[in-house]
Amino acid sequence: MENREINITESTSDTIEVSNFGITKDGQTINCYTLKNKNGMCVEIINLGGIITSLLAPDKNGNWEDVVLGYVNPEDYLENEYYYGAIVGRYVNRIAGGKFTIDGKDYFLDKNDKTNALHGGGEGFSHKIWDVEILQNTEFPTLRLSYFSKDGEQNFPGNLTTTVFYTLKDDNSLEISYEAQTDKSTFINLTQHSYFNLSGNFSEPIIDHKLQIHADKFLPINSSLVPTGERRPVHNTFFDFNKPKTIGEDIFNDDEQLLTASGYDHTWIIEGLGFRKAASVYHEKSGRLMEVWTTEPGLQFYSGNFLDGKFMNKSGGKNEKRTGFCLETQHFPNSPNQDDFPSTVLKPGEKYTSKTIYKFSANKNLWKL
Ligand code: GLA
């Protein structure tokens, strides 16, 4: 892949710039789109997997630093085994046994995670080249990404047209809106898989970040990390984040669920309906605060348990276990095989929609306990 240093930058609008990022193994061009708002906040997105490769957020002294994990070598985004920053689909998270039945027909998926299908199979939306359009005459810089997934791709039924809008607003929030339509009944569950480290130093573990999740229940998992179907109250468990606490406060406890996932890798059932706040994360030293708002019923909080130091990080060290966390808004994992979970079926004539916002600000004294 070409080196990013030699980019020729061509300006297409005041607020979105396009540059060359590299090429795929089969010769497709990877472009980088830089969205900038009036405050100087910058987000870089590539057309490979709709990946956010960089996101600058302000600290309490007004310094802008990158807060998303990524690779140092652009070529590593092709494989992207950790799904850094990607749009994940057609079905994020796990489908037990890599199979489901729809309209009386059994479908067998790519079992790319032991016995399960994970993140839409080995070649999911996160690894595809998307069509990108820079929307004109919008209030804020907006990118429109679309991907056409053929009937039978990764063994999912239905020709599926997916559109994702990234909008960088002036309140320093990044809005991600999803839409999809199919010509055959199928299952769909999309998310954004960015790993955050609000310290701006990717060698510092995220266990000192204070997290609040607005959820009274979470979904316990079995040994292959698939929800058992139980909705367990968080009250009196290490999974209660209603009152903000550091990620590290309870993570090292000898708890069956924490041991199973080597940390947190669970879905919380977000209180309320409609577009509402699901979670907030505060990093006291930098003063950075991130809020997550969503229309989705669930939030997967993943504490970066599989990060294994294989890749360099942007700060010069390695991306080790717990140097980043994900807050993935989504429907529940394995819903195709759990009738009492909210439905993830999309039928012809229907429109799938979903919206999530990650909002960044800085505050000197928040949650000082
Ligand atoms: C998700 C899952 C994790 C893991 C990562 C990718 O967040 O919940 O179990 O598979 O993706 O490494």
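So, to start: is Lys-184 buried, partly exposed or exposed? Lys-184 is partly exposed, and its relative accessible area is 37%. Keep in mind that what you have on screen is a predicted model.

Let me stay with that lysine for a moment. Lys-184 makes a salt bridge with Asp-151, and the closest N and O atoms are 2.7 Å apart. Asp-151 sits in the loop between strand 13 (142-149) and strand 14 (160-168), while Lys-184 sits in the loop between strand 15 (173-182) and strand 16 (186-187), so this pair ties together parts of the chain that are 33 residues apart in sequence. Asp-151 also counts as partly exposed, at 35% relative accessibility.

How many salt bridges does a search of the whole structure find? The count is 15. I'll show you two others.

Here's one of them: the side chains of Asp-66 and Lys-314 meet in a salt bridge, at 2.7 Å from N to O. This pair links distant parts of the chain, with Asp-66 in strand 6 (residues 64-66) and Lys-314 in the loop between strand 25 and strand 26, 248 residues apart. If you look at the cover on each partner, Asp-66 is buried at 16% relative accessible area, whereas Lys-314 is partly exposed at 29%. The cut-off for buried is under 20%, so the 16% puts Asp-66 on the buried side.

The other one is Lys-210 with Glu-284, where the closest N and O atoms are 2.9 Å apart. Lys-210 belongs to strand 18 (residues 210-213), and Glu-284 to the loop between strand 23 (276-283) and strand 24 (288-294), 74 residues away. Here the lysine is the buried partner, at 10% relative accessibility, and Glu-284 is partly exposed at 29%.

That takes us into the sheets. What is the strand order in the open sheet of nine strands? Reading across, the order is 12-13-14-15-28-24-23-18-21, and the pairing is antiparallel. The edges are strand 12 (131-134) and strand 21 (245-246), each of which pairs on one side only. At the strand 12 end, four bridges connect strand 12 to strand 13 in the antiparallel sense, and Ile-134 has Leu-143 of strand 13 as its bridge partner.

Further along this sheet, have a look at strand 23. Seven of its eight residues are buried, which leaves the strand mostly covered. On one side, strand 23 is joined to strand 18 by four bridges, running antiparallel. Our salt-bridge lysine turns up again here: Lys-210 stands opposite Tyr-282 in strand 23. Strand 23 also has seven bridges to strand 24, again antiparallel, and one of the facing pairs is Arg-276 with Thr-294 in strand 24. Strands 23 and 24 make a hairpin with four residues between them, and Gly-287 in the turn has a positive phi of about 80°.

There is also an open sheet of five strands, in the order 20-19-22-25-26, with antiparallel pairing. Strand 20 (232-233) and strand 26 (326-330) are at the edges with a single partner strand each, so one side of each has no neighbour in the sheet. Within this sheet, strand 22 (residues 265-270) pairs with strand 25 (residues 298-302) over five antiparallel bridges. One pairing to pick out there is Ile-269, whose bridge partner in strand 25 is Gly-298.

Last stop, the ligand. Which residues are around it? They are Tyr-83, Arg-94, Leu-118, His-119, His-193, Tyr-195, Asp-265, Gln-300, Tyr-302, Phe-306 and Glu-328. By class, that shell has five nonpolar, three polar and three charged residues.

For the contact distances, I'll go through three side chains. An oxygen atom of the ligand lies 2.4 Å from a side-chain N or O atom of Asp-265. For His-193, the distance from a ligand oxygen to a side-chain N or O atom is 2.9 Å. For Gln-300, the corresponding distance is 3.4 Å. As for cover, on its own the ligand has 300 Å² of accessible area, and the protein covers 96% of that.

That's my tour, thanks.

Notes. Residues are numbered from 1 along each chain as its sequence is written. This is a predicted model: local features need pLDDT of at least 70, side-chain atom pairs count only at pLDDT 80 or more; totals for chains, interfaces and linings use all residues. Side-chain values use heavy atoms; hydrogens and water are left out. Two strands pair if DSSP finds at least two bridges between them. Helices (H or I, at least four residues) and strands (E, at least two) are DSSP runs, numbered from the N terminus. A salt bridge is a side-chain nitrogen of Lys or Arg within 4 Å of a carboxyl oxygen of Asp or Glu. Buried means under 20% relative accessible area, exposed over 50%, partly exposed in between (1.4 Å probe, protein chains only). A residue is near a molecule or strand if one of its heavy atoms lies within 4 Å of it. A polar contact is a pair of N or O atoms within 3.5 Å; within protein, one must be able to donate a hydrogen and the other to accept it, and residues adjacent in sequence count only if both atoms are side-chain atoms. Accessible areas come from the Shrake-Rupley method with a 1.4 Å probe; for residues, only the protein chains shown count as cover. Ala, Val, Leu, Ile, Met, Phe, Trp, Tyr, Cys and Pro count as nonpolar, Asp, Glu, Lys and Arg as charged, and the others, Gly among them, as polar.
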